[in-house]
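Visitor: Could you take me through one part of this protein up close, and then show me how it fits into the rest? I'd be glad of one connected tour.

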Amino acid sequence: METPIRQVTRRLHEEHVATLALCSRLEATLAAGKTDPVLMRAAAAALAGEIERHFAFEESDLFPRLRAAGEGELADLLHEEHVTIRAAAQQFIALVKSNPLDPGLKPVGLELAERLASHAQKEEMSLLPALDQLLDEGADHELACAYAAL
């Protein structure tokens with residue numbers, strides 16, 4: 001019998017798809033040497049809210065469940081990446097706020113886009129399947145409600 005896709009994993013998947021699209025646009029623009037202040041501001045605004053909300057939920061509600069289920073190495077790896085991505089996002093956001101045309105934005109933005117895209121893909125391949133196996137219907141509903149309330 002096939003494991004059902006849980007509400008939590010469906011929601012995280014949707015966010016990953018949006019993140020990957022944003023990273024792709026950001027990377028393409030910066031790699032082409034273009035500066036699009038509207039895109040930079042939109043990216044900074046999206047990252048400021050979504051990264052913290054998404055990461056905080058995973059760290060407080062999902063990673064402890066992974067650790068309890070014997071998947072501590074995965075939880076630790078993803079958490080380490082969160083720390084690195086948060087720092088890169090903060091630097092990117094600060095640069096955009098100060099000057100969205102700053103030439104220093106290119107290397108910072110490219111690094112952030114690469115790290116964030118890689119992280120989202122890693123979660124798609126490892127975290128989401130683990131959660132689909134780990135969560136029962138009740139836990140999934142409880143977590144989906146908690147995440148929606150953030």
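Guide: Happy to! Let's start at Q121, which has a relative accessibility of 42% and so counts as partly exposed, since that class runs between the 20% and 50% cut-offs. Please keep in mind that this is a predicted model. Q121 sits in helix α4. If you look for F57 as a second landmark, 64 residues separate it from Q121 in sequence, and their C-alpha atoms are 18 Å apart in space.

Now stay with α4, which spans 105-134 and supplies at least two residues of the largest nonpolar core. The same is said of α1 (7-31), α2 (37-68) and α3 (72-98), each of which gives at least two residues to this core. The core has 24 residues, and the members that touch the most other members are L26, M40, L47, I51, F92, L112 and L116. As background, nonpolar side chains tend to be buried together in soluble globular proteins.

L116 is a good place to pause. Leaving aside residues up to four places away in sequence, L116 touches T19, C23, L47, I51, F55 and I85. Of these, L47 and I51 are also on the list of core residues that touch the most other members. Apart from the largest core lies another one, made of 18 residues, including L74, A130, A139 and Y147.

Y147 brings us to the meeting of α1 with helix α5, as Y147 is one of the α5 residues in that contact. In general, two packed helices are described by the angle between their axes and the distance between the axes. Here α5 covers residues 137-149, and its axis comes within 8 Å of the α1 axis, crossing at roughly 40°. That angle makes α1 oblique to α5. On the α1 side the contact is made by Q7, V8, R11, L12 and E15, and on the α5 side by D140, H141, L143, A144 and Y147. By type, the residues of this contact divide into 5 nonpolar, 2 polar and 3 charged.

Finally, let's step back to the whole chain. It has 5 helices and 0 strands, in the order α-α-α-α-α along the sequence. The radius of gyration is 16 Å, close to the 15 Å that the globule rule gives for 150 residues, so the chain is as compact as a globular protein of that length. The C-alpha trace spans about 50 × 25 × 25 Å along its principal axes. Buried residues make up 41% of the chain. Among contacts between residues at least 6 apart in sequence, 79% join residues at least 24 apart.

Conventions: Residues numbered from 1 in each chain as written. Predicted model: local features only at pLDDT ≥ 70, side-chain atom pairs only at ≥ 80, totals over all residues. Heavy atoms only, no water. Core = buried A, V, L, I, M, F, W, Y, C linked by side-chain atoms within 4.5 Å. Buried < 20%, exposed > 50% of the residue type's maximum accessible area, 1.4 Å probe, protein only. Helix = DSSP H or I, 4+ residues; strand = E, 2+ residues; numbered from the N terminus. Contact = heavy atoms within 4.5 Å. Axes fitted to C-alpha atoms, helices over the stretch in contact; angles between N-to-C directions. Parallel < 35°, antiparallel > 145°, perpendicular 65-115°, else oblique. Nonpolar A, V, L, I, M, F, W, Y, C, P; charged D, E, K, R; others polar. Rg over C-alpha atoms; globule rule 2.2 N^0.38 Å.
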